[in-house]
Amino acid sequence: MPTVHLLDYVAGNVRSLVNAINKVGYEVEWIKSPSDLKNAEKLILPGVGHFGHCLSQLSEGGYLDPIRQHIASGKPFMGICVGLQSLFEGSEEDSDVPGLGLIPMRMQKFNPDTKSVPHIGWNSAIDTKIGSADSQSFYGLVPSSKYYYVHSYAALYTPGLLEKDGWSVATATYGEEEFVGAIARENVFATQFHPEKSGQAGLRTISAFLNGDRFQMLTPQASLSLDKKDGLTRRIIACLDVRTNDSGDLVVTKGDQYDVREKDGVDTGGQVRNLGKPVDMAKKYYEQGADEVTFLNITSFRNCPVADAPMLEILRRTSETVFVPLTIGGGIKDTIDTDGTHVSALDVATMYFKSGADKVSIGSDAVIAAEEYYEGGEKLTGKTAIESISKAYGNQAVVVSVDPKRVYVDGPEDTNHHTIRTKYPNAAGQTFCWYQCTIKGGRESRDLDVRQLAKAVEAMGAGELLLNCIDKDGSNSGFDLELISDVKAAIKIPVIASSGAGNPEHFAEVFQNTTTDAALGAGMFHRGEYTVSDVKRHLDNGGFLVRRPEVGN
């Protein structure tokens with residue numbers, strides 16, 4: 001197989017990129033020292049997380065001048081995410097660290113006053129010349145395709161500015177801001193999106209770069225002028241609760257109010273509900289068009305060495321065939337290995353990232369960290385799992401999963417927690433409630449409300465909030481719209497709506513009536529009542545913008 005060289009500065013998930021490169025027919029050789037760059041013909045620089053961290057690592061390792069020399073020699077170079085940002089002069093993310101300076105512009109942070117930041121999800125990459133006479137596009141980009149982005153800083157687009165210097169530019173729009181989604185000139189190609197996480201559309205761009213297919217003529221239908229206000233699609237996430245069953249096998253299960261055992265003890269012996277095999281089900285949902293797949297490890301496998309945790313193997317196998325973002329939750333915390341060795345939450349997260357995860361989800365430990373945050377006068381310690389992982393890998397790599405439940409009161413004066421007036425009073429007629437955080441799978445309640453939790457973890461560096469609801473779990477009655485709206489009003493980071501989805505209309509309701517950034521389904525998919533495709537078809541028919549899976553996924 002032909003070879004491409006990959007420069008990994010040790011941050012984020014590169015396993016999926018290797019799998020994607022293998023998928024399109026190439027082998028990977030790693031750049032292990034600056035001198036290795038002399039032998040590289042095709043070079044890819046991936047990057048996630050912090051601009052300053054990435055460029056500092058490259059500088060300290062002695063890689064910046066060899067990268068410049070590689071580009072100046074005319075050899076093919078591709079940058080991904082921060083790899084694209086490295087081509088610019090600098091970034092607001094760290095004004096003291098210079099970029100490669102190939103492009104005399106600086107990255108700017110998205111305006112958080114008008115939208116969630118980070119920008120996470122599926123958006124366009126439309127060639128700015130689309131609609132002109134030539135109707136060409138570069139490196140396999142198609143106007144109707146969607147690509148996966150995850151970033152807080154971007155090169156905001158000024159019409160004609162980059163093009164006059166010979167750059168081909170493809171842009172996306174997020175809110176009111178248009179930004180560079182991909183850029184190319186001569187031997188250089190770079191994407192702000194992650195092609196290895198962009199399904200068939202992303203594999204097509206990787207293949208085009210590696211095969212040297214710089215420009216392609218578009219079909220008349222593909223070259224039709226598009227509304228660039230298209231923007232971000234509505235994300236549909238498939239969630240798989242994974243645990244060992246009574247025979248010791250890993251299975252996907254689903255609970256009702258978090259109880260995962262069958263109710264009919266006569267026929268089943270009250271065994272763990274078995275809905276399928278994790279790797280097979282993840283691939284099925286990917287093929288149906290799921291925008292992300294989340295694994296929640298609900299047993300944490302305490303009796304095996306950390307490095308041999310079964311979820312690591314599930315991620316390795318899943319990332320070979322599933323080219324959308326993978327999140328793993330459960331056991332992301334400081335722990336003691338079976339041999340007595342202390343393993344930090346950052347070390348645990350690193351194992352998951354190296355095995356194919358793009359994000360880690362932190363649950364109970366986030367609640368404890370939030371309590372300590374308030375006890376310490378709302379001061380950051382830098383020692384929490386959220387802080388250590390987000391500092392190393394970027395806040396987009398950290399999801400906090402929270403399990404709140406309603407506590408009804410007669411009025412706001414009866415609690416020191418934030419309350420809402422609900423449209424759904426309890427049996428006692430009480431119309432006020434607050435949302436109490438829980439830990440240990442909902443088994444233990446804490447004196448902390450969901451707004452306090454959300455604000456604390458945002459301050460610590462979490463990039464998303466997975467908002468479950470114990471009252472709605474397993475009910476198939478729809479999402480808790482009041483909870484979602486209340487939390488969205490309190491924070492700037494994206495929120496994923498979870499718990500209660502029973503049919504496609506519930507997804508339409510949550511997107512219509514709240515500003516949630518994504519919605520998650522589980523039981524309705526696992527039981528085969530509806531597919532991800534059914535949900536997307538329903539949303540599409542209702543006028544919501546969704547990503548359609550492409551042939552070859």
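A residue counts as buried when its relative accessible area is under 20%, as exposed when that area is over 50%, and as partly exposed in between. K440 offers a handy first example in this predicted model: its relative accessibility is 44%, so K440 counts as partly exposed. This residue sits in the loop between strand 25 (432-439) and strand 26 (444-449). Its backbone also deserves a look, since K440 has a positive phi of about 55° although it is not a glycine. Most residues other than glycine have a negative phi, and most peptide bonds are trans.

Two further places can be read against that background. S499 has a phi near 80°, again a positive value in a residue other than glycine. S499 is found in the loop between strand 28 (495-497) and helix 14 (504-513), and with a relative accessible area of 8% it is buried. The other place concerns a peptide bond: V117 and P118 are joined by a cis bond, with omega at about 15°. P118 belongs to the loop between strand 6 and strand 7 (119-123).

Attention now turns to the sheets. Strands of a sheet pair through backbone hydrogen bonds, either parallel or antiparallel. One open sheet has 8 strands in the order 2-1-3-4-14-13-12-8, and its pairing is mixed. Strand 2 (27-30) and strand 8 (126-127) each have a single partner strand, so they stand at the edges with one side lacking a neighbour in the sheet. Within this sheet, strand 4 and strand 14 (residues 188-191) run parallel and are joined by 4 bridges, with G79 standing opposite A190 in strand 14. Helix 1 (residues 15-23) packs on the sheet, where it touches strand 1 (3-6), strand 2, strand 3 (43-47) and strand 4; the direction of helix 1 makes about 140° with that of strand 2. Helix 3 packs on the sheet as well, touching strand 3, strand 4 and strand 14, and its direction makes about 125° with that of strand 4.

Individual residues help to fill in this picture. C81 lies in strand 4 (residues 77-81) and is covered by the annotation "binding site" in the unreviewed UniProt entry. With a relative accessible area of 3%, C81 is buried. Leaving aside neighbours within four places in sequence, the contacts of C81 are G47, V150, T191, Q192, F193 and H194. In helix 3 (residues 64-72) one meets H70, which counts as buried because its relative accessibility is 3%. Residues up to four places away in sequence not counted, H70 touches L37, A40, E41, L43, K75, P76, F77 and N187. R185, in strand 13 (residues 177-185), is partly exposed, with a relative accessible area of 23%. Contacts of R185 beyond four places in sequence include L102, D165, G166, W167 and R214. The C-alpha atoms of R185 and E163 are separated by 9.6 Å, the two residues being 22 residues apart along the chain.

Another open sheet is formed by 3 strands in the order 5-6-11, also with mixed pairing. At its edges stand strand 5 (88-91) and strand 11 (153-154); each has a single partner strand, so one side of each is left without a neighbour in the sheet. Strand 5 and strand 6 (residues 103-109) run parallel and are joined by 3 bridges. Across this pairing, F88 stands opposite I103 in strand 6.

Farther along the chain, two helices meet. The axes of helix 10 (residues 364-375) and helix 12 (residues 450-460) come within 9 Å and cross at roughly 85°. Angles of 65 to 115 degrees count as roughly perpendicular, and helix 10 and helix 12 are therefore roughly perpendicular to each other. On the side of helix 10, the contact is made by A366, V367, A369, A370, Y373 and Y374; in helix 12, the partners are Q452, L453, K455, A456, V457, A459 and M460. By class, this contact has 11 nonpolar, 1 polar and 1 charged residues.

Finally, the "binding site" annotation of the unreviewed UniProt entry also covers G331 and N468. G331 lies in the loop between strand 19 (326-329) and strand 20 (335-336), and counts as partly exposed at 32% relative accessibility. N468 lies in the loop between strand 27 (464-467) and helix 13 (481-488), and its relative accessibility of 8% means that N468 counts as buried.

Conventions
Residues are numbered from 1 along each chain as its sequence is written. This is a predicted model: local features need pLDDT of at least 70, side-chain atom pairs count only at pLDDT 80 or more; totals for chains, interfaces and linings use all residues. Side-chain values use heavy atoms; hydrogens and water are left out. Axes are lines fitted to C-alpha atoms, for helices over the stretch in contact, and angles run from 0 to 180 degrees between N-to-C directions. Helices (H or I, at least four residues) and strands (E, at least two) are DSSP runs, numbered from the N terminus. Angles under 35 degrees count as roughly parallel, over 145 as roughly antiparallel, 65 to 115 as roughly perpendicular and the rest as oblique. Contact means heavy atoms within 4.5 Å. Ala, Val, Leu, Ile, Met, Phe, Trp, Tyr, Cys and Pro count as nonpolar, Asp, Glu, Lys and Arg as charged, and the others, Gly among them, as polar. UniProt positions are given in the numbering used here, feature names are shortened, and annotations may be inferred rather than shown by experiment. Buried means under 20% relative accessible area, exposed over 50%, partly exposed in between (1.4 Å probe, protein chains only). Two strands pair if DSSP finds at least two bridges between them.
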